[in-house]
Amino acid sequence: MDAVRPEGHRDAARVRPAVAGGDARSGPTSAGRALLAVDGGVPAHRGPWPVWPQPTEDDIAAVALVVRDGTWCSAARGRDVVQAFERDFAALHAPGSDAAPTPFDAEGAPVDAVAVTSGTSALIVALAAVGVGPGNEVVVPPYTFIATASACLFLGAVPVFADVDPGTLCLDPAAAAAAITPRTKAVVPVHFAGCPADMSALADLCHERGLALIEDACQAPGAAWAGRPVGTWGNFGCFSFQESKNLSAGEGGAVTGRGTGIETVWSLHNVGRTRGGAWYGHARIGQNLRLTGLQAALLRSQLRRFPAQAARRAAAASHLGALLERVPGIEPLLPPAGVTAHAWHLLPFRYDPAAFGGRCRGDFLKALLAEGVPASSGYTLLSDNVALRERAGANAALVGAAQPAAGPVPVAAAAAENGCWLPQNLLLAEEEDVASIAAAIEKISRAWG
Ligand SMILES: Cc1ncc(COP(=O)(O)O)c(C=O)c1O
């Protein structure tokens, strides 16, 4: 199964990190430090990183078959192709016998999946299926992609921000509890970077308070908390297959759930039809949010190598995390004890400017890129977003309510200021290339620290 090279991709020679010198420009400076690439030195890492996505001949054959057969639409002849993917994706998230119980599934009902057009549409139909609408509040973290909050707004509800846990940057159960009001209908934790939120605490909280629990697992296919896969702790799990994600069809999404709940989601994503019902039978008002057969075939083909890729990312993250922990002023976010599988969509770390001679994060990321390592500054704080605040105010006003006052979110605010993200494709690199990420950061630390 050879990866297909995009046109123009060059097989660059792998050049080892030049931290120790050997080149006039990379040799030690008078202070015994290697000259940074941003100042004209030799980069710590040269050559390309693994491309993403990584198409294979198998993927091409799978999509070509669908094109040839005309099984394009899941509401017509493409139904079997899409259903086969839904079955495989649900199986990936089926709780095993060692999974922790959840009060949301006392019967241990089988997990089902419905494929949809995006992670955003997955969130919208999941929230709609639990009855979120005008007059409701939904507790969400402020450190996430905008869709977690905007999905609530599209349904006429108001997202209420609760702070995140410093260890994971996922929704803090105590902060979520403090944000609940009589209007609260649901809680939406985000498994940020592929790391599960504390689902034992959040499931107990939501169950006790009679709230719906919807997992934003867009970055976390295959992750698990206490042995139970994400997407199976509450009412629904929402996944994204957008291009950057660990499992991708360019665009796409899925909702996991059980029983009558997932049947409602199926209906909402298929213009209100019911499974097995008439073509022009519409039991409720839904949208057309169906995934195509072409996307399902591409995803199903990738699912075959997904476990091997996940294992590779996890091994690289563990190795790199240990190396980064040794660099003063760098704090990688490593999984807490409850995490039994981390999807490693990102490897996030905190950057402390004080340990880097006061240089700001932007300067650090520029210097790191010059060393050959692409990293990003990640999210801005959602609770500061003016468009979100205005729409939330308008939604509240529609039902004669005041907009809930924004509470302090210091952990999320600090993450937005000093967080850095390494993307998942870097974790698919050879071991020595992964180690060169730490060498590059160490080189900057020595030059500035
Ligand atoms: C945490 C989170 N939620 C929701 C989404 C929305 O998914 P999509 O882009 O497929 O609509 C994303 C994807 O970027 C995400 O990372």
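By class, the shell around the ligand holds 4 nonpolar, 9 polar and 1 charged residues. In total, 14 residues surround the ligand in this predicted model. The closest are Ser118, Gly119, Thr120, Cys218 and Ser240. Two elements, α3 (119-129) and α4 (147-154), each give two or more residues to this shell.

The overall architecture was examined next. The chain has 13 helices and 13 strands. Its radius of gyration is 23 Å, close to the 22 Å that the globule rule gives for 449 residues, so the chain is as compact as a globular protein of that length. Along its principal axes, the C-alpha trace spans about 75 × 55 × 40 Å. Buried residues make up 50% of the 449 residues. Contacts were also sorted by separation in sequence. Of those between residues at least 6 apart, 71% join residues at least 24 apart.

Confidence was summarised for the whole chain. The average pLDDT is 93, and 93% of the residues score at least 70. Residues 1-31 form a stretch where pLDDT stays under 50. For this stretch the model has 49 contacts beyond four places in sequence.

Two strands were examined in detail. Strand β1 covers residues 112-116 and is mostly covered, with 5 of its 5 residues buried. In a regular strand the side chains alternate between the two faces of the sheet. Both faces of β1 are covered. Asp112, Val114 and Val116 lie on one side, and Ala113 and Ala115 lie on the other. Strand β1 is joined to strand β9 (residues 253-257) by 5 bridges, and the two strands run antiparallel. Within this pairing, Asp112 stands opposite Gly257 of β9.

Strand β5 (residues 212-216) is also mostly covered, and 5 of its 5 residues are buried. Ala212, Ile214 and Asp216 point one way from the strand. Leu213 and Glu215 point the other way. All of these residues are buried. Strand β4 (residues 184-187) is joined to β5 by 2 bridges, and here the strands run parallel. One such pair is Ala186 with Ala212, its bridge partner in β5.

Which residues of helix α8 are buried? They are Gly293, Leu294, Gln295, Ala296, Ala297, Leu298, Leu299, Arg300, Ser301 and Gln302. That makes 10 of the 11 residues of α8 (residues 293-303), so the helix is largely enclosed by the rest of the structure. An α-helix has 3.6 residues a turn, so residues three or four places apart point the same way. What covers the buried residues of α8 includes α1, α2 (79-92), β1 and α9 (306-325). Strand β1, itself mostly covered, is thus among the elements that cover α8.

A further helix, α13 (residues 431-448), contains Ala435. This residue has 18 other C-beta atoms within 10 Å and is therefore partly exposed, because a residue counts as buried at 20 or more and as exposed at 12 or fewer. The C-alpha atoms of Ala435 and Leu323 are separated by 7.7 Å, although their positions lie 112 residues apart along the chain as a separation in sequence.

Several backbone features stand out against a general background. Most residues other than glycine have a negative phi, and most peptide bonds are trans. A cis peptide bond joins Trp52 and Pro53, with omega at about 0°. Pro53 lies in the segment before α1 (57-69).

Two residues that are not glycine have a positive phi. Ala226 has a phi of about 50°. It is found in the loop between β6 (224-225) and β7 (228-229). Is Ala226 buried or partly exposed? With 19 C-beta neighbours inside 10 Å, Ala226 counts as partly exposed, because 20 or more are needed for a residue to be buried. Trp344 has a phi of about 45° and is likewise not a glycine. Trp344 lies in the loop between β11 (339-341) and β12 (346-351). With 29 C-beta neighbours inside 10 Å, Trp344 counts as buried.

Terms used. Residues numbered from 1 in each chain as written. Predicted model: local features only at pLDDT ≥ 70, side-chain atom pairs only at ≥ 80, totals over all residues. Near = placed C-beta within 6 Å. Helix = DSSP H or I, 4+ residues; strand = E, 2+ residues; numbered from the N terminus. Nonpolar A, V, L, I, M, F, W, Y, C, P; charged D, E, K, R; others polar. Rg over C-alpha atoms; globule rule 2.2 N^0.38 Å. Contact = placed C-beta atoms within 7 Å. pLDDT = per-residue confidence, 0-100. Pairing = 2+ DSSP bridges.
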